[in-house]
Structures are given as structure tokens and as C-alpha cells.
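Subject: Structure handover

Hello,

Here is the structure I promised to pass on. My notes follow below it.

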Amino acid sequence: MSSAADQLVEKLGVQLDPELLVLALTHRSFAHEAGGIPTNERLEFLGDTVLGLVVTEELYRTHPGQSEGELAKMRAATVSQRGLALVARELDLGSYVLLGKGELATGGNDKDSILSDTLEALFGAVYLAHGLEPARRVVLGLVGPTLEAAADLGAGLDWKTSLQELAAELSLGAPVYEVVGEGPDHARTFTAHAVVGGQVRGTGTGPAKKLAEQQAAADAYGALEALPRTTAPSA
């Protein structure tokens, strides 16, 4: 697992002891089949707390005008299973998690629950190894774009779905996303264009393809939402 481990820690941007990294990646199904070795569940418990603290503090500091209720919605969207699974997929975390044969056979390496739990376990491992400030950098480096999206969208956290619904309402057909990536594999930047009705309506950038698409969808949604409903653009 050494080469795979090297790839993952490079993506995280911090070094982890190999034993701690393996523990963070060990799902209970693998542990059971291996004779009852330790699982990543305790690290997940710790990482969940670290994630919550970092996200809550970031929201508190960067959104001084928002109410407690609005901050809670943004936090819920960012730390949700769905949101974390999206981040985990961009890390290709499913390729690294250690699963039992049964979970592998049922597609466990792409289940939202397993991906989000494993990501939290990694946050816990980083905190144990390096403390709060390095853990904060890792957490914000990975969930920061989701946090920014949540600030605009709230608990829905899905601009692509919102754009698709609005495009249908305006009879413009389904949105299409054109994405290009630049830079080395461990530090790529993606630029996405949201094409609706044959025209580029929005542009977004980000460290992951899906996040760039979400930003492009948000940009396009704003552009279409500003159009008078009685004079929707032609395709």
C-alpha cells in the first residue's frame, strides 16, 4: 500500500505515520475479516468533532452578519454525508479505503456513508498527528469550496439541480458542462462553463471538476434568474 499511501498523503498535503493512515482507512468490514483488528471508527468520531469545530469557527468568523439559524444551515450542508462524500470522491478516497469482500462486492467504495466516514477518520488522524492548526488547513483545503457554496445555497447545496430545474422552467433544455483542467495531478485547477440553451451562461473554477461545475451552475443560475420570466431567452 506504500505507493497508494504516498499518493493519498500528497493529496492531503501532510505526512501521516503509515500505521495511523492504515487505521484511518480500515473499515469495520475489513477489520472483521482480518480477525478483529482495530477499525477507523474512533478516528471518525474524533474527526467529526474536528470538522465541526473548524467549519463552525470559519463560518462564525467569515459571516458576521448571519444569524445562528443561517450559520447552522450552512454548517449542516458542509458537513453532511452527501457533501463530504463529494469531497471524498474528488480525493478518489474509494480507491484507498480498506473494505471487506462483502462491501467491495456491493460497491462499498462508492457509498456516501463509507466515503464520508473515512474522510472524517482522516481528519481525526491528521489532528492526532499534527494538532489543530495543520488539521484546520487540511479541512479547509478540502471542504472550503463546499463551504463557500453552502454560504450561497444553504442546506440544498446543489446548484446543478437548481439550474436544471430553472432551465426546464424556461424551456431551454438540460444544461451542459464543458470542463478543462490545468496543472499537475496533485494541484489541478478546473474551469467549467455551464451551457444552457446553446449559450455559456456561467463559469466556475475550483480544485475539483465537480466543484467547478457547481460554481458554474451557480453563476448560470444567477444569470437566468435575473431574466424576466415573460421574456425567456430563445435557445
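Start at the surface. Leu53, Tyr127, Leu128 and Leu132 make up a nonpolar surface patch, and together they offer about 340 Å² of accessible area. Leu132 sits in helix α9, which covers residues 132–153. Leu132 is partly exposed, because its relative accessibility is 30%. Please keep in mind that this is a predicted model.

**Salt bridges**

How many salt bridges does the structure hold? There are eight. Three of them are described here.

Glu41 pairs with Arg28, and their closest N and O atoms are 3.2 Å apart. Glu41 belongs to helix α4 (residues 41–62) and Arg28 to helix α3 (residues 28–33), so this bridge ties together parts 13 residues apart in sequence. Glu41 has 36% relative accessibility and therefore counts as partly exposed.

Glu57 pairs with Arg61, with 2.8 Å between the closest N and O atoms. Both are in helix α4, four residues apart, so about one helical turn separates them. Are the two partners buried or exposed? Glu57 is partly exposed at 23% relative accessibility. Arg61 is exposed, at 60%. The pair also belongs to something wider: Glu57, Arg61, Glu133 and Arg136 are joined into one network by salt bridges that share partners.

Lys111 and Glu103 form another salt bridge, at 3.0 Å from N to O. Lys111 is partly exposed, with a relative accessibility of 30%.

**Helix packing**

Two helix pairs involve α8.

Take α6 and α8 to begin with. Helix α6 spans residues 81–90 and helix α8 spans residues 112–130. Their axes are 8 Å apart, and the packing angle is about 75°. Angles of 65 to 115 degrees count as roughly perpendicular, so α6 is roughly perpendicular to α8. On the α6 side, the contact uses Gln81, Arg82, Leu84, Ala85, Val87, Ala88 and Arg89. On the α8 side, it uses Asp112, Ser113, Leu115, Ser116, Leu119 and Glu120.

Now α4 and α8. Their axes come within 6 Å and cross at roughly 80°. These helices are therefore roughly perpendicular to each other as well. From α4, the contact residues are Leu43, Glu44, Leu46, Gly47, Asp48, Val50 and Leu51. From α8, they are Asp117, Glu120, Ala121, Phe123, Gly124, Ala125, Tyr127 and Leu128. Glu120 appears in the α6 contact and in the α4 contact. Tyr127 and Leu128 take part in the α4 contact and also belong to the nonpolar surface patch.

**Two residues to look at in these helices**

Thr118 is in helix α8. Is Thr118 buried or exposed? Thr118 is buried, because its relative accessibility is 1% and the cut-off for buried is under 20%. What does Thr118 touch beyond residues up to four places away in sequence? Its partners there are Ala24, Leu25, Asn40, Leu93 and Val97.

Arg89 is in helix α6. Its relative accessible area is 28%, so Arg89 counts as partly exposed. With neighbours within four places in sequence set aside, Arg89 contacts Asp110, Lys111, Asp112, Leu115 and Lys210. One of these, Lys111, is the salt-bridge partner of Glu103. Arg89 and Leu119 are 30 residues apart along the chain, and 9.9 Å separates their C-alpha atoms.

**Backbone points**

Most residues other than glycine have a negative phi. Two residues here are worth a look on that score.

Asp92 is not a glycine, yet its phi is positive, at about 60°. Asp92 lies in the loop between α6 and α7, the latter being 101–105. With a relative accessible area of 37%, Asp92 is partly exposed.

Ser171 is not a glycine either, and its phi is also positive, at about 60°. Where does Ser171 lie? Ser171 is in the loop between α10 (159–169) and β1 (176–182). Ser171 counts as exposed, because its relative accessibility is 63%.

That is the handover.

Best wishes

Key
Residues are numbered from 1 along each chain as its sequence is written. This is a predicted model: local features need pLDDT of at least 70, side-chain atom pairs count only at pLDDT 80 or more; totals for chains, interfaces and linings use all residues. Side-chain values use heavy atoms; hydrogens and water are left out. Patches are made of residues with over 30% relative accessible area and no salt bridge: like charges are joined within 9 Å, nonpolar side chains (Val, Leu, Ile, Met, Phe, Trp, Tyr) within 5 Å. Accessible areas come from the Shrake-Rupley method with a 1.4 Å probe; for residues, only the protein chains shown count as cover. A salt bridge is a side-chain nitrogen of Lys or Arg within 4 Å of a carboxyl oxygen of Asp or Glu. Buried means under 20% relative accessible area, exposed over 50%, partly exposed in between (1.4 Å probe, protein chains only). Axes are lines fitted to C-alpha atoms, for helices over the stretch in contact, and angles run from 0 to 180 degrees between N-to-C directions. Angles under 35 degrees count as roughly parallel, over 145 as roughly antiparallel, 65 to 115 as roughly perpendicular and the rest as oblique. Contact means heavy atoms within 4.5 Å.
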